[in-house]
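Trainee: I have a protein model open and some labels for its parts. I would like to learn where the labels come from.

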Amino acid sequence: MENTNQFLHLSESEMLNIWKNLLGLEPHLCGCTIEREDGANVDERLITRMRQWYASLLLSASENLLPVEDVKDELALMVADNGVVTAIVPPQCVRPVEWKLAPWKKSVTLFLQPGAPETAYLHNEWTRPGIHHPAAVDFGNRILLFSLPDGELPIMDMARCVVRPADGTYSLHSSALKTIPVWNATHLIGLPEIE
């Protein structure tokens, strides 16, 4: 995994403790223990919010704050007669960051969405980009790469992606923690309020 300086790798219970502290839900001093059986399960609600926050972070935050891996060796690649390469993305990949086929002169860092107006020219043999100005379309579970010269094999130099840790941990740069209170305050839709 890339970006390891100042990175945290936290279990769900460790992240839950951070959330409680940041949201002021963890008592600092107490001289007694109170138990209720009819109260709201605060931990369960916080875990739901934590998971949503982390999923949102993986989708939208700068890749410098997130776990990034080169998954080029895990891709299934297929090339069509027109030189368009289809790459099947491994399940841990949340979003692509930077990809490059071996013959390309530069990498792709902007991944177009299907149906975007910019994709109209990609399928025309006269306007399809080549090795000097490559393009990529992100379909989520697969990425179309435009394109390879005739007779070239689809070999990846790099396929860097933001990834979700396979072990269920929360892996992130420590500075991303400051987004928790703001995110929690602005994303209460559909979740019961914590009192």
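The talk below takes the labels one at a time.

Mentor: This is a predicted model, in which local features need pLDDT of at least 70, side-chain atom pairs count only at pLDDT 80 or more, and totals for chains, interfaces and linings use all residues. Residues are numbered from 1 along each chain as its sequence is written, and side-chain values use heavy atoms, with hydrogens and water left out.

Trainee: How many helices and strands does the protein have, and what makes a run count as one?

Mentor: There are 3 helices and 9 strands. Both are DSSP runs numbered from the N terminus: H or I over at least four residues for a helix, E over at least two for a strand.

Trainee: Thr86 is in strand 4. Why is Thr86 called buried?

Mentor: Buried means under 20% relative accessible area, exposed means over 50%, and partly exposed lies in between, with a 1.4 Å probe and protein chains only. Thr86 has 18% relative accessibility, so Thr86 counts as buried.

Trainee: Why is strand 7 described as largely enclosed by the rest of the structure?

Mentor: Strand 7 covers residues 142–146, and 4 of its 5 residues are buried, so the rest of the structure largely encloses it.

Trainee: What makes strand 4 and strand 7 a pair?

Mentor: Two strands pair if DSSP finds at least two bridges between them. Strand 4 (residues 85–88) and strand 7 have 4 bridges, in the antiparallel sense; therefore they meet the definition. One bridge partner of this kind is Ile143 in strand 7, which goes with Ala87.

Trainee: Which sense does the pairing of strand 6 and strand 7 have?

Mentor: Antiparallel, again over 4 bridges. Ala135 stands opposite Phe146 there. The two strands form a hairpin with 3 residues between them, and Gly140 in the turn has a positive phi of about 90°.

Trainee: How do you know that Arg128 has no salt bridge?

Mentor: A salt bridge needs a side-chain nitrogen of Lys or Arg within 4 Å of a carboxyl oxygen of Asp or Glu. Glu125 is the nearest side chain of opposite charge to Arg128, at 6.4 Å, so the cut-off is not met. Arg128 is buried all the same.

Trainee: What does the side chain of Arg128 reach instead?

Mentor: The backbone oxygen of Leu122, at 3.2 Å. Contact means heavy atoms within 4.5 Å, and Arg128 touches residues including Tyr121, Phe146 and Ser147, not counting residues up to four places away in sequence.

Key
Lys, Arg positive; Asp, Glu negative; His and termini not counted. Polar contact = N/O pair within 3.5 Å; in protein donor to acceptor, adjacent residues only side chain to side chain.
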